Amino acid sequence: VGAGTVEFIVEPDGRFYFMEMNTRLQVEHPVTEMITGQDLVEWQLRVAAGEPLPIDQASLAIRGHAIEARIYAEDPERDFLPATGTLVHLRAPAENAHVRIDTGVRAGDAVTPHYDPMIAKLVVHDESRERALARLRAALADYQIVGVATNLRFLGALAAHPAFAAGAVHTGFIAEHRAALLPARAPVPGRILALATLGRLLKNERDAQQRAAASADPGSPWHRCDGWRLNEDNHHTFRYRDGDAELAVTAHWRPGHWLLELPDASVRAAGTLEPNDEVLAELDGVRLRATLVRRDRELTVLGADGPWTLTLHDPLAQAMSGDGGGGRLSAPMPGTIVEVLVAPGEAVVAGQPLVILEAMKMEHTIRADADGVVTEIHVSVGQSVDAHTVVATL
């Protein structure tokens, strides 16, 4: 007649407890499919068409262990707040008999507030939980997403946590292990700065070669890309921002490689740039592979324990844009204004609720970030707003 999903909690000694039943296939159905080798969606369609079930209960068998990780557009560091944006870069791990990916998006698509922010379901299977966890860790490390905040780093930390591997999971697991699962962001490592700089140098070289090939005089010495200079040393300085820190990397051309002066060391760097902006690098004899994704003034380095996002330092753009301060409070994500709690001229204190925004079936409260006086309310109840829309000024 139809399909349903029954959920249980099972204890190590085999005792099990009923949780709930839904008259549909749920998002976790690929786990059942992986451990039984059956296609439940096909079953559902055939039964709906009047056909009998293809096999009986006695023919079913469970093999191995499967784990599903939901790849979500959300920010774990902001209490898992749903995120929106455009998937500027999306590369999933390779699928095989042990790794399955169910998704409905591709690079260039937008994650909007009108639907659930799930990007994909990553399902792994192997003969034991330990081996399935190893496959999950490897697949999560290979997943690349740029353009929207995701839970990939959190899932990777979760899959690698010893307590999770031991099965010591409970409803307070995240709170108990928060420091390990959601660590404070560390300063960008030197190898990431080296990879970012080497990638930019290689791209500049490739662009120069393409311009030379397309010019009317490709043999002109002005098109040379070998680093030759008449007098002083050939060097370039690249400036980045990592949070509040400003970092500089000076690159000196040498025959066959670059010498990179990092903030705390010098590195001999060489490599090639693949067509998909993947850098195959050799840093002081150590081979590394990373993908660089440029979006406006942001450069994301994927791989090599990434992702790491750096802001390309542009003093002119920074001066023209201003610091965005001045008591301007903005929407954290697209949504609808459902309540305005204050009026212009009203005195408020830090933490006081000012505006309530509804997005993705959740209400988000925008609060005063300091004591002050409301000078202007920029939105009204029922208004749809985009992310970063200014809603109030103090």
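Leaving aside its neighbours within four places in sequence, with which residues is V381 in contact? In this predicted model, V381 touches I337, V338, E339 and V340. V381 sits in the loop between β26 (376-377) and β27. Is V381 buried or exposed? V381 is exposed, because its relative accessible area is 55% and the cut-off for exposed is over 50%. T336 lies 45 residues from V381 in sequence. In space the two are 7.8 Å apart, C-alpha to C-alpha.

## The whole chain

The protein chain has 394 residues, and 36% of them count as buried. Its secondary structure comes to nine helices and 28 strands. The C-alpha trace spans about 85 × 60 × 45 Å along its principal axes. About 22,500 Å² of the protein chain is exposed, and carbon and sulfur atoms supply 52% of that area. Take the contacts with a separation of 6 or more: 54% of them come from residues 24 or more positions apart.

How confident is the predictor? The average pLDDT of the protein chain is 89, and 94% of the residues score at least 70. Residues 320-325 have a pLDDT below 50. Beyond near neighbours in sequence, that stretch has zero contacts in the model. Where pLDDT is low, the predicted coordinates should not be read in detail.

## A three-stranded sheet and its helices

Start with the open sheet of three strands. The order is β3-β10-β8, and the pairing is antiparallel. β3 (65-72) and β8 (99-103) are the edge strands, each pairing on one side only. From one strand to the next, the twist averages 20°. Helix α3 (residues 129-142) packs on this sheet and touches β3, β8 and β10. The direction of α3 makes about 145° with that of β10.

Now look at one pair of strands. β3 and β10 (residues 118-126) are joined by eight bridges. At one point along the pair, Y72 stands opposite M118 of β10.

Helix α1 (residues 29-36) belongs to this picture too. Which residues of α1 are buried? They are H29, P30, E33, M34 and I35. These buried residues pack against α2 (40-48), β3, β8 and β10. Just after α1 comes G37, with a positive phi of about 75°.

## Two nonpolar cores

The largest nonpolar core holds 31 residues. Which of them touch the most other members? They are I71, I119, L122, L136, L140, Y143 and I145. Several elements give two or more residues to this core: β3, β8, β10, α3, α4 (152-160) and α5 (162-165). Another core lies apart from it. That core has 30 residues, including L198, V267, L273 and A281.

L140 is worth a look inside the largest core. Not counting residues up to four places away in sequence, L140 touches I71, L122, L152, L155, G156 and A159.

## Two hairpins in a row

Next come β12, β13 and β14. β12 (residues 235-242) runs antiparallel to β13 (residues 245-254). β13 also runs antiparallel to β14 (residues 257-261). A251 appears in both pairings: it stands opposite H236 and opposite L260. Each hairpin has a glycine with a positive phi. In the hairpin of β12 and β13, the glycine is G243. In the hairpin of β13 and β14, the glycine is G256.

| Hairpin | Residues between the strands | Glycine and its phi |
|---|---|---|
| β12 and β13 | two residues | G243, positive, near 70° |
| β13 and β14 | two residues | G256, positive, near 90° |

How many bridges join each pair? Eight bridges join β12 to β13, and five join β13 to β14.

## A four-stranded sheet

The last stop is an open sheet of four strands. The order is β24-β23-β21-β27, with antiparallel pairing. Why is one side of β24 and of β27 left without a neighbour in the sheet? Both stand at the edges, β24 at 362-367 and β27 at 384-385, and each has a single partner strand.

β23 (residues 353-359) is joined to β24 by six bridges. Within that pair, L357 has H364 of β24 as its bridge partner. β27 also brings us back to the start, since the loop that holds V381 lies between β26 and β27.

Key: Residues numbered from 1 in each chain as written. Predicted model: local features only at pLDDT ≥ 70, side-chain atom pairs only at ≥ 80, totals over all residues. Heavy atoms only, no water. Pairing = 2+ DSSP bridges. Axes fitted to C-alpha atoms, helices over the stretch in contact; angles between N-to-C directions. Contact = heavy atoms within 4.5 Å. pLDDT = per-residue confidence, 0-100. Core = buried A, V, L, I, M, F, W, Y, C linked by side-chain atoms within 4.5 Å. Buried < 20%, exposed > 50% of the residue type's maximum accessible area, 1.4 Å probe, protein only. Areas by Shrake-Rupley, 256 points an atom, 1.4 Å probe, with all protein chains shown as cover.
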